[in-house]
Amino acid sequence: MPEAISLTQFLIEEQRARQHLPADLRLLIEVVARACKRISIAVGKGALGGVLGDAGTGNVQGEAQKKLDVLSNEILLQANAWGGHLAACASEEMEDPQPIPDVYPKGNYLLLFDPLDGSSNIDVNISVGTIFSVLHCPDDVTHPAAEHFLQPGTAQVAAGYAVYGPSTVLVLTLGHGTHVFTLDRELGSFILTTRNVRIPADTKEFAINMSNRRHWDAPVQRYIDELLAGRDGPRGKDYNMRWVASMVADVHRILTRGGVFLYPWDRKEPDKPGKLRLMYEANPMAFIVEEAGGAATTGRERILDLVPTALHQRVPVFLGSKNEVDVATRYHLDAD
Ligand code: FBP
Ligand code: AFP
């Protein structure tokens, strides 16, 4: 039987193999993974845990919060408060960054997270997940504010997500490939199940919310119309469509068997540049996807090169199999 490599063993071996992985970053990843296990348990209890339904509150985006959104946010904040690895946290659910309480030592990293992505799926027992991103805290900053988080995606030192599905899976990049761990519920450990996952450059599967079709811009209309035209159209092959409406689940499918995911700007909310958040969703997913050989753009620019202007900034997202992202991006640039 092959040796089961736990997340702890994987991180220690990475630390030995590569000078770039400091011990406090390794410990920070372990703390986040432990928080994901707790969220996985809460999600898994479903109606029995009394955690389904609305919390009766709104978040900074004006969206109704689910009880599990609030609980997951608290689990991540509490888990990360005392470890001494972080200078501050920022969450999709909170307007401002949360400093580390004064009673605890402060570390050198900034953590950003979407505590429970895809939360419209919680009450209907469909996969949801947690997305996170780790940045360095700039030198000499003792009390990080929102501006200190506004670093381009290329500055991320780690990113990952957990999917709470039929099994709980943790996907992680430290900038040297993307690796998949599966939660062994008996052992309570994440076990490495795919090292260096690779996204095929070509695919026959796409993910987009088709109900927004009439609101899309011309390059998105053109791209999707050509996929729908199938083998008789310009792309010369039939495509299949999947849309879970949980970005973590859609991205995980793409990591597993290829595909392209699109959440473009649309005319439904013309003042918003997109639905998904740059710092909590687009940047960490772009880092993970690029490290697996895929691509991630806004339709025009590489997501990781964007210089953020606000903590809760939204962006259009096109990511996944490289050749499909390249075609969709070319159609935008042709139209400009
Ligand atoms: P939330 O952060 O509010 O969950 O929104 C993000 C998200 O759920 C993504 O995970 C998903 O890809 C998308 O929104 C689904 O959007 P739609 O409801 O338009 O299908
Ligand atoms: P299976 O029995 O082969 O899984 O097919 C049933 C099913 O997966 C059903 O659960 C879905 O609604 C449907 O097929 C999906 O069909 P498309 O592949 O055409 O989207």
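**Why these labels?**

Me: What covers the buried residues of α5?
Reply: The cover includes β11 (205-207), β13 (260-263) and α8 (322-335). Contact here asks for C-beta atoms, placed from the backbone, within 7 Å of each other. Keep in mind that this is a predicted model, where local features need pLDDT of at least 70 and side-chain atom pairs count only at pLDDT 80 or more, while totals for chains, interfaces and linings use all residues. As for labels, residues are numbered from 1 along each chain as its sequence is written, and chains are lettered from A and ligands numbered from 1 in the order in which they are written.

Me: And which residues of α5 are buried?
Reply: In α5 (residues 218-228), those are Pro219, Val220, Tyr223, Ile224 and Leu227. Seen down the helix axis they fall within an arc of 120°, so they line one face of α5. That arc is taken over the directions from the helix axis to the C-beta atoms. On the other side, Ala218 and Asp225 are exposed. Just past the helix, Gly230 has a positive phi of about 65°.

Me: Why is Glu205 called partly exposed?
Reply: Count its neighbours: 19 other C-beta atoms lie within 10 Å. Buried takes 20 or more within 10 Å, exposed means 12 or fewer, and partly exposed is what lies in between, with C-beta atoms placed from the backbone. Since 19 sits between those two cut-offs, Glu205 gets the middle label. Glu205 is in strand β11 and touches Tyr239, Asn240, Arg242, Gly258 and Gly259, leaving out residues up to four places away in sequence.

Me: What makes Asn125 and Asp140 count as exposed?
Reply: Asn125 has 11 C-beta neighbours inside 10 Å, so it counts as exposed. Asp140 has 5, so it gets that label too. Asn125 lies in the loop between β5 and β6, and Asp140 in the loop between β6 and α4 (146-149). Neither is a glycine, yet phi is positive: about 60° for Asn125 and near 70° for Asp140.

Me: How do you know that β8 and β9 pair?
Reply: The rule is at least two bridges found by DSSP between two strands. β8 (residues 168-173) and β9 (residues 178-184) have five, in the antiparallel sense, so they pass. Thr173 stands opposite Thr178 in β9. The strands and helices themselves are DSSP runs numbered from the N terminus: E over at least two residues for a strand, H or I over at least four for a helix.

Me: What makes β4 and β10 edge strands?
Reply: Their sheet is open and mixed, ordered β4-β3-β5-β6-β7-β8-β9-β10. β4 (98-99) and β10 (189-194) each pair on one side only.

Me: How do you know that β15 and β17 pair?
Reply: They share three antiparallel bridges, so the same rule is met. Thr297 has Phe318 in β17 as its bridge partner.

Me: Which residues come nearest to ligand 1?
Reply: Of the 13 around it, Gly118, Ser119, Asn209, Ala245 and Met247 do. A residue qualifies when its C-beta atom, placed from the backbone, lies within 6 Å. By class, the shell has three nonpolar, five polar and five charged residues. Nonpolar covers Ala, Val, Leu, Ile, Met, Phe, Trp, Tyr, Cys and Pro, charged covers Asp, Glu, Lys and Arg, and the others, Gly among them, are polar. β5 and α6 (247-257) each supply at least two of the shell residues.

Note on methods: Contact = placed C-beta atoms within 7 Å.
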